[in-house]
Amino acid sequence: MTAAARRPTPADPMPEAPGPLAVSSGAGRDLPPELGPDAIGVLEGRTFMFSDARGDVPRGSIGGLVHDDTRFLSQWELSIDDAPLLVLSSGTVDAYSAAFFLANSDLAHLPANRVGVRRQRFVGDGLYERVELRYFGVEPVSIRLRLAVTTDFADLFEIKESGRDRTADITRRHEPDGAALEFRYCNGSYAASVRVEADPPADVIDGDALVWDVRLERGQQWGCELRVPLRCGDQRFRPTVRGFDEAFDHGPEDPSTRWAAEKPHLHADVDLLRDVYHQSAIDLVSMRLEKTIAGEPVILIAAGLPWFLTAFGRDTVITGYQCMPCGPDVARGALAVLAAHQATTFDDFTDREPGKIFHEYRTGELTQLGLKPYRPYYGGADTTALWLILLSEHWRWTGDDEFTCRLRGNAEAALRWIDEYGDRDGDGYVEYATRSAQGLGNQCWRDSPDGVQFADGAIPVLPIATCETQGYTYDAKLRLAELADGPWRDPDLAQRLRGEAARLREQFNQDYWIPERGGYYAVGLDGDKRPIDSLTSNMGHLLWSGIVPDDRAALVARHLMSEEMFSGWGVRTLSTADVGYNPIGYHVGTVWPHDNSIIAAGLARYGYRGEANRIAMAMLEASRQSGHRLPEAFSGYDRSFGRQPVPYPTACNPQAWASGAPLQFLRTMLGLEPREGRLVADAHVPEELGRIRLHHVPALGRRWNVEAAGSECTVSPAD
């Protein structure tokens, strides 16, 4: 079949375009064997470093030091006498630090394990690393310690895929005394540089390697410090000399510092809940991005390590929603930043349309030079409605009329986008189909090429109207009607929006309901308006939005908790009975914490509190296996398959809306809602968790104390 005869699908959204499409969100490149399953990542803000368990970054791997979507170190390998080191133990200490305990390999003149090596690594505005040697042999020994360094200045997208060789455009300047290596790169208006500073200086610089000739007596110690400052354009970044457990001090006015300090205090009978809550807070702060909008500093949460340390509209909004019981700063920052970049014009390359909220923002070389569409890219069909939901939620929790009125123009532009541009054919539904040769095929949260498919595995034709996007739209219009009745004082708008929401609900329940398999909702309608009949977790989002009639909620709940959907660790993205099911397929069988947090909230909304708690407890128990941190996704294997959840091989870890999921589970168990000028609770705490005390919950300009056990709950103003 010729390209002209092919119809666009999410797997091939632009069949007439030459060459492969670039896909930014999705599985991307698999984790290569040279880093292995014990790969270690550390991050701080926009900086991260990925290495293997030795702390090494092998040349040609996806590892390295990355800042602002550019890789500044692509090789970082430590060896003794050109032999790799042995791993005794290694791991992260804090989100931004890691420790590696190593030893020498078996050498001709030195048996293994005679030289102990400790590497201490810290990221943040570059890299700071300490290397310490301790000798436990009997006779004095001379060794050659080598640190091989390379940089390729690759764009983030090239790290995951492949990119051009910049070697000819990289200039090197090495200090003659061995104190530093320096690499510089320039391409038109884009410039970057990196230095590797050594104290003590290397005895020899061999190519791009620092080499120390070290002689050790029994019991003797030797150490060096390595600092890696960066330069991006006109901005210079220098790492701070740090120690473990020394938290970053951004000052009392920093939004992330304030959010962490002012979040509610959790006291629980069970350590598990407290530990997960604490880890989530640490991870969310570590992924902070800071901006100033109209003179106001705001905090924004990046999507996740390693590939998504940037602003993602959908992820950022949902994380802000999840974090509301811990304070409004995360939601406020998301609303302000996304509003500041709301589209006002059309552009095919970036899928931009007036009123649309962006999907992804990047700052790497390929984006700055206009070769990639991510500054920003608007290929998200659901983000605009989700932004409206968050605006409403922020107002419900804060009662901040002034801020809500300030964003009214953005909200009305978002509503116009939904009705005029999101609904591409006037059928009442928001659909998606990219207009960009660099665009995403699927523009819902299931944004991998096969994330939306029929039950027989066939890929639908575009444009596609996914079910949860219609649910979000329904909820957004009802919430905006509430704002119109409230701070906006526009009863005509309120009446219009409620009428539109009612018509959408009626039409949706006719077109998306499939009577087979006991009755369930299609994941979407394809370009021919055919129901896409796979059985997916997206039905739980419909419960969250409230678009499901009461008499169908029981059927949806039954499907979600069935053996085909519930793995024992959480609800799978796709039923095991569908042809496309794959327990390690990105959106076709995995278990996502953020997805499950929305599903649990939806179940609770319709009164299925036991089912919601079953999901929450499964997720909390799963976190035990990953340091009380929930990753982006688990494999969808049944719980009987092993004693712990099987990791998804390329999951972001940490990831923002996964870190926010425990906060949403806690809110769901406590039934927390701001209502009529006060915080109210309708608790249904699992018996396994005993009593929960959540002190100083911010809501409606006050702080509240919540104490609950089972269905007994008290809420009182905090003195």
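User: Before we get to Ser286, what counts as a helix here?
Analyst: Helices are DSSP runs of H or I with at least four residues, numbered from the N terminus; bear in mind that this is a predicted model.

User: OK, so which helix does Ser286 lie in?
Analyst: Ser286 belongs to helix H3, which covers residues 271-286.

User: Buried or exposed, that Ser286?
Analyst: Ser286 is buried, because its relative accessibility is 4% and the cut-off for buried is under 20%.

User: What does its side chain pair with, and which residues does Ser286 touch further off in sequence?
Analyst: A polar atom of the Ser286 side chain lies 2.7 Å from the backbone oxygen of Asp283, and, once neighbours within four places in sequence are left aside, Ser286 is in contact with Leu43, Glu44, Gly45 and Ala95.

User: Switching to H12, how many of its residues are buried?
Analyst: Eight of the eight residues in helix H12, residues 538-545, are buried, among them His541, Leu542 and Trp544.

User: And what comes just after H12?
Analyst: Gly546 follows, with a positive phi of about 85°.

User: Now cavities: how many are there of 30 Å³ or more?
Analyst: The count is five cavities of 30 Å³ or more, and the second largest cavity holds about 80 Å³ of space.

User: What lines that second largest cavity?
Analyst: Its lining has 13 residues, with Glu353, Lys356, Arg424, Ala433 and Gln443 nearest the centre of the cavity; by class, the lining of the second largest cavity divides into six charged, five nonpolar and two polar residues.

Terms used. Residues numbered from 1 in each chain as written. Predicted model: local features only at pLDDT ≥ 70, side-chain atom pairs only at ≥ 80, totals over all residues. Heavy atoms only, no water. Helix = DSSP H or I, 4+ residues; strand = E, 2+ residues; numbered from the N terminus. Buried < 20%, exposed > 50% of the residue type's maximum accessible area, 1.4 Å probe, protein only. Polar contact = N/O pair within 3.5 Å; in protein donor to acceptor, adjacent residues only side chain to side chain. Contact = heavy atoms within 4.5 Å. 1 Å grid on protein atoms, 1.4 Å probe; cavity = no way out; pocket = protein on both sides within 12 Å on 5 of 7 lines; lining within 4 Å. Points joined across faces, edges and corners; volume = space filled by probe spheres on them. Nonpolar A, V, L, I, M, F, W, Y, C, P; charged D, E, K, R; others polar.
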